[in-house]
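This report describes the fold of one protein chain for a reader who is new to structural biology. Please keep the sequence and the three-dimensional view at hand while reading.

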Amino acid sequence: MQKLKIISVGKTKEKWLDDAIEEYLKRLTPILEVSFTYVKDDEQLIKAVSKESNVVCLDVLGKMMSSESFSEFIHKKFLEGGSRLTLVIGGAEGLPSSFRSKYPLISFSLMTFTHQCIRLILIEQIYRAFEIAKGTKYHK
């Protein structure tokens, strides 16, 4: 089974966001093992990410892509990483500057989102990526 780790600064404080994230995690359970690691600051983020080998960071300066392109990208990264992938979400100040030159960057929008909201958007897009790959009607 493929394993996805999402490392993020800060925890989700809104119950409705937790509920929505849990819904997508439930849908993903048969096909993907997802875990979350929450850290308090950049120092802890750098330490947590340094232990990972197949890392992609979410950043406003990253490559923007369609849902179909993201599906292809994410599946390619899983292949490259031996069915393991780590996605990183920075805090209020964004990612540590060293990450921008060290890891691939992707962006979901030029807009700024809270780290709480982007976790929901990310997990939905991951679910969508798997549904696109399966050819289901979820992605219209």
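Strands β3 and β5 run parallel and are joined by four bridges, with β5 covering residues 105–107. Within this pairing, L58 has I106 in β5 as its bridge partner. The model under discussion is a predicted one.

**Overall architecture**

The chain contains five helices and five strands. Followed along the sequence, these elements give the pattern β-α-β-α-β-α-β-α-β-α. The radius of gyration is 14 Å, close to the 14 Å that the globule rule gives for 140 residues, so the chain is as compact as a globular protein of that length. The C-alpha trace spans about 40 × 35 × 30 Å along its principal axes.

Contacts across the sequence also help to describe the fold. Among contacts between residues at least 6 apart in sequence, 84% join residues that are at least 24 apart. Of the 140 residues, 43% count as buried. The chain exposes about 8,000 Å², and carbon and sulfur atoms supply 53% of this area.

**The strands and their pairing**

Strand β3 (residues 55–64) has a second parallel partner besides β5, because four bridges also join β3 to β4. In this pairing V55 stands opposite T86 of β4, and V56 has L87 of β4 as its bridge partner. Strand β4 is paired in the parallel sense with β1 (residues 2–9) as well, over six bridges. One of the residue pairs here is I7 with V88 of β4.

How enclosed is strand β4 by the rest of the structure? Five of the six residues of β4 (residues 84–89) are buried, so this strand is largely enclosed by the rest of the structure.

**A buried residue and a surface patch**

Helix α5 (residues 115–134) contains Q125. Is Q125 buried or exposed? The relative accessible area of Q125 is 15%, and a residue counts as buried under 20%, so Q125 is buried. Leaving aside residues up to four places away in sequence, Q125 touches S67, F70 and F108.

The opposite case is found in strand β3, where L61 is located. L61 has a relative accessible area of 64%, which is over the 50% cut-off, and therefore L61 is exposed. Together with V60, M64 and L110, L61 forms a nonpolar patch on the surface, with about 430 Å² of accessible area in total.

**Salt bridges**

The structure holds 10 salt bridges. The table presents some of them, with the N to O distance and the relative accessible area of each partner.

| Salt bridge | N to O distance | Relative accessible area of partners |
|---|---|---|
| E52 and K5 | 2.9 Å | E52 21%, K5 25% |
| E23 and R27 | 3.0 Å | E23 29%, R27 34% |
| E80 and K77 | 3.0 Å | E80 47%, K77 12% |

The salt bridge between the side chains of E52 and K5 links distant parts of the chain: E52 lies in the loop between α2 (42–50) and β3, whereas K5 lies in strand β1, 47 residues apart. E52 counts as partly exposed, and K5 is partly exposed too.

The salt bridge between E23 and R27 lies within a single helix. Because E23 and R27 are four residues apart in helix α1 (residues 15–28), they are separated by about one helical turn. E23 counts as partly exposed, and so does R27. These two residues also belong to a network of salt bridges in which E23, K26 and R27 are linked.

The salt bridge of E80 with K77 is likewise formed within a helix, since both residues lie in α3 (residues 67–80), three residues apart, or about one turn of the helix. Are the two partners buried or partly exposed? E80 counts as partly exposed, whereas K77 is buried.

**Summary**

The predicted model alternates strands and helices in the order β-α-β-α-β-α-β-α-β-α. Strand β4 pairs in parallel with β1 and with β3, and β3 in turn pairs with β5. Some of the salt bridges join residues within one helix, including E23 with R27 in α1, while E52 and K5 bring together distant parts of the chain.

Technical notes
Residues numbered from 1 in each chain as written. Predicted model: local features only at pLDDT ≥ 70, side-chain atom pairs only at ≥ 80, totals over all residues. Heavy atoms only, no water. Patch = residues over 30% accessible without salt bridge, like charges linked within 9 Å, V, L, I, M, F, W, Y side chains within 5 Å. Areas by Shrake-Rupley, 256 points an atom, 1.4 Å probe, with all protein chains shown as cover. Salt bridge = Lys/Arg side-chain N within 4 Å of Asp/Glu carboxyl O. Helix = DSSP H or I, 4+ residues; strand = E, 2+ residues; numbered from the N terminus. Buried < 20%, exposed > 50% of the residue type's maximum accessible area, 1.4 Å probe, protein only. Pairing = 2+ DSSP bridges. Contact = heavy atoms within 4.5 Å. Rg over C-alpha atoms; globule rule 2.2 N^0.38 Å.
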